[in-house]
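Trainee: Please show me the chain, and let us go through its surface patches and aromatic rings.

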Amino acid sequence: ERCFSEIPEYQCLSRDCDFKRHVITVAYDGRRIVGFSSALRLIDEWGEPFLHLGLTCVHPDYRGKGLTHKMAGRLMLEYVVRNRLFGRVWFSNIAGVVSSLANVGKNLDEVFPSPGYLWPSKRHDAIASTVSKRYRDLVHIGEECEFDKNNYVFRQSAKGNMWEKASNDARYHHRDEGLNTFYLDWMDLDDGDEMIQVGSYSIFTFLRYLVG
């Protein structure tokens, strides 16, 4: 209620939520929940698992303290440690927030679209196609929205709803102007576009981040 004008029927906030699919990290201040990050365990068209990085909410009093990164990082680290300690976890991420897209593209591996990975592999395509064909209801993408499979963009999927962001709203930009330019050139935020990113990460991704 502190994050949305109306609570969406979406992922872990849905009334008929299947919690067997969810991986959730919660932040406490000692008295109350002040944030959570929720992801979904899904299966692609090859029959292989992947993690959809879903919904993150932070209480307004605690914004600007790095909670979003801490919770998402903890969720992903716990998941790889418990499920694929020495392997790769494939993931998807859908956003119309440039800073979110930029952080994923910068910090995780094999991320398409991102400046370092401009062409998708067959595994990227399998995951993106599965999300579009099978899981739209879980990721809040309407059936009427076109999936631009060349650019990995859902056209007008945020048009007129709470997820829509203006391209010139600097609150949702990344500090790296080059990354802002890349993602703003890739899709039309002012028309309600959202991007799906597909990539992977491993325990070594976190070790590289710590060392760097």
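The turns below cover patches and ring pairs.

Mentor: This is a predicted model, in which local features need pLDDT of at least 70, side-chain atom pairs count only at pLDDT 80 or more, and totals for chains, interfaces and linings use all residues. Residues are numbered from 1 along each chain as its sequence is written, and side-chain values use heavy atoms, with hydrogens and water left out.

Trainee: Is I24 buried, partly exposed or exposed?

Mentor: Buried means under 20% relative accessible area, exposed over 50%, and partly exposed in between (1.4 Å probe, protein chains only). I24 lies in strand β1. Its relative accessible area is 36%, so I24 is partly exposed.

Trainee: Which strand gives the most to the nonpolar patch?

Mentor: Patch residues have over 30% relative accessible area and no salt bridge (Lys or Arg side-chain nitrogen within 4 Å of an Asp or Glu carboxyl oxygen); nonpolar side chains are joined within 5 Å, like charges within 9 Å. F19, I24, V26, Y28 and I33 form the nonpolar patch, with about 500 Å² of accessible area together. Three residues come from the strand that gives the most, β1.

Trainee: Is the pair of F147 and Y152 stacked, edge-to-face or tilted?

Mentor: Rings of Phe, Tyr and Trp (its six-membered ring) pair if their centres lie within 6.5 Å; planes under 30 degrees apart count as stacked, over 60 as edge-to-face and the rest as tilted. By this rule there are nine aromatic pairs. For F147 and Y152 the centres are 6.2 Å apart and the planes at 55°, so the pair is tilted.

Technical notes
Areas by Shrake-Rupley, 256 points an atom, 1.4 Å probe, with all protein chains shown as cover. Helix = DSSP H or I, 4+ residues; strand = E, 2+ residues; numbered from the N terminus.
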